[in-house]
Amino acid sequence: MSRQSNRTTESKKMNSELFTLTYGALVTQLCKDYENDEEVNKQLDKMGYNIGVRLIEDFLARSSVGRCHDFRETADVIAKVAFKMYLGITPSVTNWSPAGDEFSLILESNPLVDFVELPDNHSTLVYSNLLCGVLRGALEMVQMAVDIRFAQDTLRGDNVTEIRMKFIKRIEENLPAGDE
Amino acid sequence: MTVHNLYIFDRNGTCLHYSEWNRKKQAGISKEEEYKLMYGMLFSIRSFVSKMSPLDMKDGFLAFQTSRYKLHYYETPTGVKVVMNTDLGVPNCRDVLHQIYSTLYVEYIVKNPLCPLGETLQSELFNSRLESFIRALPFFSARAG
């Protein structure tokens with residue numbers, strides 16, 4: 001009964017420069033629309049979140065990944081499957097906290113910032129903050145509340161880009177109200 | 001062999017979609033009540049199955065059958081639940097239910113930014129694709145039942 005199961009498994013290719021420039025245009029417009037960097041960061045996170053809650057369904061449909069058993073497995077899947085699938089890069093997973101609830105994704109290169117240099121008047125802008133929102137939204141849909149932030153960014157002169165992820169709690173599924 | 005009906009629930013227990021083909025007898029309660037009853041039963045059976053499992057479970061609850069019908073269940077890690085009732089002759093339907101999720105729900109609902117999530121699905125396109133998908137199944141037969 002596996003008819004039609006081979007849907008377009010190879011993802012459609014898109015010009016990466018168009019992608020990078022489109023993202024740049026988005027951030028630029030947000031910078032025009034909002035007064036300060038903090039607000040732009042917030043909007044990027046919100047947009048990312050809205051992408052993430054839908055993207056996770058696409059991810060589950062396309063990959064054969066099932067539910068992860070622990071946070072380490074989640075970290076591996078994010079780095080090796082999800083980033084590979086959507087951004088074509090494979091970040092490394094490092095800097096685990098002793099309790100195993102916090103780790104870093106190290107991005108050697110970040111396709112979002114290929115042509116970007118941060119001007120001095122945007123020193124607090126987290127240019128790629130959309131990624132945090134996407135990860136947060138996607139993980140929330142699989143019952144994980146995770147705190148995500150950029151710890152290092154090549155745009156600020158760091159050698160690598162580092163996304164720090166901290167597991168907060170498992171979101172329990174509840175029966176809808178009004179049911180026994 | 002035949003397909004009786006199909007429910008899709010989201011993670012909050014909202015019935016996103018319902019359709020039926022060869023259902024000769026109705027439950028005698030309103031559709032809303034029926035959805036709630038179905039979701040409540042699934043919720044309980046799922047927790048029962050995982051609590052009683054003597055081994056660590058992977059896929060969990062897959063299906064049950066009575067003397068007259070078989071209920072097939074598929075759940076994604078995001079909590080989307082696809083439930084299909086068929087007659088007893090139909091074999092394991094996991095692939096079919098996964099395809100309904102991945103090639104129909106994700107393609108026509110999730111990827112359509114204008115389709116709100118978490119509400120009853122209004123998409124004509126989704127409905128018609130689902131209809132033809134089910135009718136094309138090898139074990140779908142309009143006359144049986």
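Reader: Why is A:Gly48 called buried?

Author: In this predicted model, A:Gly48 has a relative accessible area of 0%. Buried means under 20%, so the value for A:Gly48 meets the definition.

Reader: Where does A:Gly48 lie, and with which residues is A:Gly48 in contact, leaving aside its neighbours within four places in sequence?

Author: A:Gly48 belongs to helix H2 of chain A, which covers residues 37–62. With those neighbours set aside, A:Gly48 is in contact with A:Leu130, A:Gly133 and A:Val134. In addition, the C-alpha atoms of A:Gly48 and A:Gly137 are separated by 7.3 Å, although the two residues are 89 residues apart along the chain.

Reader: What makes strand S2 of chain A largely enclosed by the rest of the structure?

Author: Six of the six residues of S2(A), which spans residues 102–107, are buried, so the strand is largely enclosed.

Reader: Which residues point each way from S2(A)?

Author: A:Glu102, A:Ser104 and A:Ile106 point one way, while A:Phe103, A:Leu105 and A:Leu107 point the other way; all are buried. In a regular strand, side chains alternate between the two faces of the sheet.

Reader: How do you know that S2(A) pairs with S4(A)?

Author: Two strands pair if at least two bridges are found between them. S2(A) and S4(A), the latter being residues 161–170, have six bridges in the antiparallel sense, so the definition is met. Within this pairing, A:Phe103 has A:Met165 as its bridge partner.

Reader: Over how many bridges does S1(A) pair with S2(A)?

Author: Strand S1 of chain A, residues 92–94, pairs with S2(A) over three bridges, also in the antiparallel sense. A:Ser92 stands opposite A:Ile106 there.

Reader: Why is the link between A:Asp58 and B:Lys111 called a salt bridge?

Author: The closest N and O atoms of A:Asp58 and B:Lys111 are 3.1 Å apart. The cut-off for a Lys nitrogen and an Asp carboxyl oxygen is within 4 Å, so the pair qualifies. The count between chain B and chain A is one salt bridge.

Reader: What does each chain bring to the contact, and what area is buried?

Author: Chain B brings 40 residues and chain A brings 25 residues. About 2,600 Å² is buried between the chains, with 52% given by carbon and sulfur atoms. B:Arg11, B:Pro77 and B:Thr78 supply 25% of the area that chain B buries against chain A, more than any other three residues.

Reader: How many residue pairs are in polar contact across the interface?

Author: Ten residue pairs are in polar contact between chain B and chain A. On the side of chain B that touches chain A, helices H1 (31–52) and H2 (94–110) each supply at least two residues. H2(B) gives the most, with twelve residues.

Notes: Residues numbered from 1 in each chain as written. Chains lettered and ligands numbered in written order. Predicted model: local features only at pLDDT ≥ 70, side-chain atom pairs only at ≥ 80, totals over all residues. Heavy atoms only, no water. Contact = heavy atoms within 4.5 Å. Buried area = accessible area lost by both parts, 1.4 Å probe. Salt bridge = Lys/Arg side-chain N within 4 Å of Asp/Glu carboxyl O. Polar contact = N/O pair within 3.5 Å; in protein donor to acceptor, adjacent residues only side chain to side chain. Buried < 20%, exposed > 50% of the residue type's maximum accessible area, 1.4 Å probe, protein only.
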